[in-house]
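Here is a friendly walk through one structure, meant to be read with the model open beside you. Shall we take a look?

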Amino acid sequence: MMAGYEEFPGKRGSILIEDVLTRHGRRDIFIGSSGIIEAAGEEIGRTCRSEADYCIAGTELLAMPGLVNTHTHAAMSLLRGYADDLPLQTWLSEKIWPLEGLLTGDDVYWGTRLACLEMIRSGTIAFADMYFFMEDAARAVAESGLKAMLSYGFIDLFDPDRREREMKATEQLVASIRAMENPKIQPALGPHAVYTVSEESLRWCAGMSAGEQIPILIHLSETEKEISDAVHQWGRRPVQILDHCGILTPRTVAAHCCWLDHGECGLLGERGVHVSHNPVSNMKLAVGRAMPYPWLKEAGVNVTLGTDGCASNNNLDLFEEMKTAALLQKYSWNSQTILPAPETLFMATSAGARALGLGNGALAPGEPADIILIDRTAVCNTPLHNLASNLVYSCSGSAVRTVICHGDILMKDRVIPWEAEVIRGASAAAADLVKRGCGE
Ligand SMILES: [Zn+2]
């Protein structure tokens with residue numbers, strides 16, 4: 001019997017998406033109640049129809065794998081638009097850090113819920129996060145139904161006492177996420193960057209990652225200053241420091257990577273490191289150089305896409321990020337042919353899914369049913385000469401109609417049952433945070 005959407009959230013059932021357009025032609029897609037795609041092909045609907053608990057008519061929709069955001073700080077959504085267009089140091093030390101210092105677990109909960117809401121509305125099904133009060137973030141993610149890799153932002157500032165505290169906080173988060181036993185949420189380690197974390201702590205993270213097979217999320221070579229300071233202070237470039245400490249592994253996702261040289265791209269390839277390209281944040285913070293995509297590609301590096309936090313973006317829309325990535329690479333390498341639309345789609349789907357250990361980001365049997373359905377009658381899809389071109393260059397997240405994450409329907413026809421509650425809660429938390437920041 002077909003269930004209505006009203007009855008559907010929270011319940012697992014099998015789903016048939018009938019006659020939907022994909023990049024490989026028209027398909028019926030059958031999702032088993034385990035959340036895995038069981039069949040995808042032409043005319044399979046006829047045989048699966050009687051088995052499906054729920055049926056989605058796909059004739060006016062496009063189906064694609066859900067988008068994966070490999071670098072963000074979700075709760076920073078509360079700082080959206082709070083401070084923009086300032087010099088980096090002023091922005092950080094006078095605006096962002098003072099407010100971050102006042103954050104409570106409750107703020108992080110509401111900020112993360114808001115971020116999850118925004119990600120679902122714009123077609124993202126999974127993300128990698130690094131922040132504070134991550135137990136509260138984990139609770140927010142669990143309530144949203146998204147997949148996430150969550151890390152505590154480890155910052156010891158080269159102080160041994162602080163190192164002890166950070167190690168404890170990291171171990172606690174890993175233990176509490178494991179205790180949740182939520183298959184959609186996995187723990188990661190989050191050593192922030194070479195300029196905030198000591199070599200001893202980097203080595204400790206590398207050891208824990210290797211021993212327990214836990215992924216590592218880290219910022220790498222974002223600004224020129226990061227490189228020159230590292231060379232000046234330690235006599236090594238950031239990539240050398242991380243390699244020396246054992247941080248460069250196939251379990252590692254390194255964000256930004258703007259100021260890599262050719263040899264460093266080769267080393268990341270050899271070590272199997274995944275890279276997260278964050279073009280909007282890099283442009284907004286004027287880091288002065290685009291991630292060297294052609295060198296990373298040549299080195300066989302798995303390059304993925306991320307938005308970074310909302311304070312430096314200011315949204316979490318990966319459609320916008322795809323377009324910006326494709327344009328930034330073309331502009332900075334003076335080449336119209338670099339990062340074409342199909343490659344950009346791969347970056348935001350399959351590459352991201354592989355980096356976070358979520359399958360291959362494909363609409364194929366055996367893959368997790370992380371699927372988004374897009375309005376093919378929208379202005380941005382009219383005319384529809386080339387599906388990849390429209391998705392990358394003309395669509396935004398607002399063209400997404402329905403989001404399915406591991407077989408769970410998180411949004412149906414742009415309706416998310418808990419949306420209003422989160423808008424209210426996050427608005428109140430953000431207003432209160434700014435009030436506290438003004439000392440009122
Ligand atoms: Zn970041």
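Let us start with a pair of glycines: Gly-153 stands opposite Gly-190 in strand S9. Please keep in mind that the model you are viewing is a predicted one.

**The parallel strands**

Gly-153 and Gly-190 belong to a pairing in which S8 and S9 (residues 185-191) run parallel, joined by seven bridges. To get from S8 to S9, the chain passes through helix H5 (residues 160-180), and this β-α-β crossover is right-handed.

On the S7 side, S8 is joined to strand S7 (residues 124-131) by six bridges, and these two strands run parallel. Between S7 and S8 the chain goes through helix H4 (residues 134-144), again as a right-handed β-α-β crossover. If you would like a residue pair to click on, Ala-128 has Met-149 in S8 as its bridge partner. Strand S8 (residues 147-154) is mostly covered, with eight of its eight residues buried.

S7 also pairs with S6: four bridges join them, and the two run parallel. Here Leu-67 is matched with Thr-124 in S7. Because six of the six residues of S6 are buried, this strand is largely enclosed by the rest of the structure.

The pairings can be set side by side:

| Strand pair | Bridges | Direction |
|---|---|---|
| S6 and S7 | four bridges | parallel |
| S7 and S8 | six bridges | parallel |
| S8 and S9 | seven bridges | parallel |

**The zinc site**

Which protein atoms serve as donors of the zinc ion? They are NE2 of His-71, NE2 of His-73, NE2 of His-219 and OD of Asp-308, lying 2.1 to 2.5 Å from the metal. Along the chain, these donors follow the spacing H-x1-H-x145-H-x88-D. His-71 lies in strand S6 (residues 67-72), while Asp-308 sits in the loop between strand S13 (302-305) and helix H12 (318-332), so the pair ties together parts that are 237 residues apart in sequence. Both His-71 and Asp-308 are buried.

Why is the arrangement of the four donor atoms irregular? The angles they subtend around the zinc ion are 87 to 170 degrees, which makes the arrangement irregular.

**Pocket and cavities**

The largest pocket has a volume of about 1,300 Å³. It is lined by 44 residues, of which Leu-92, Trp-97, His-192, Tyr-195 and Thr-196 are the closest to its centre. Helix H2 (88-100), S7, S8, H5 and helix H7 (224-234) each supply at least two residues of this lining. The largest share comes from H2, with seven residues.

There are also two cavities of 30 Å³ or more. The largest cavity has a volume of about 80 Å³. Its lining includes Pro-65, Gly-66, Val-68 and Ile-125, and also Thr-349, Ala-353, Leu-358 and Glu-367.

**A closing stop at Asp-408**

Is Asp-408 buried or exposed? At 18% relative accessibility it counts as buried, because buried means under 20% relative accessible area. You will find Asp-408 in strand S16 (residues 408-411). From Asn-282, Asp-408 is 126 residues away in sequence and 34 Å away in space, taken C-alpha to C-alpha.

Methods. Residues numbered from 1 in each chain as written. Predicted model: local features only at pLDDT ≥ 70, side-chain atom pairs only at ≥ 80, totals over all residues. Heavy atoms only, no water. Buried < 20%, exposed > 50% of the residue type's maximum accessible area, 1.4 Å probe, protein only. Pairing = 2+ DSSP bridges. Right-handed = clockwise from strand over helix to strand, strands pointing away. Donors = N, O, S within 2.8 Å, 3.2 Å for Na, K, Ca; no water. Tetrahedral: all angles 85-135°; square planar, octahedral: opposite > 155°, others 65-115°. 1 Å grid on protein atoms, 1.4 Å probe; cavity = no way out; pocket = protein on both sides within 12 Å on 5 of 7 lines; lining within 4 Å. Points joined across faces, edges and corners; volume = space filled by probe spheres on them.
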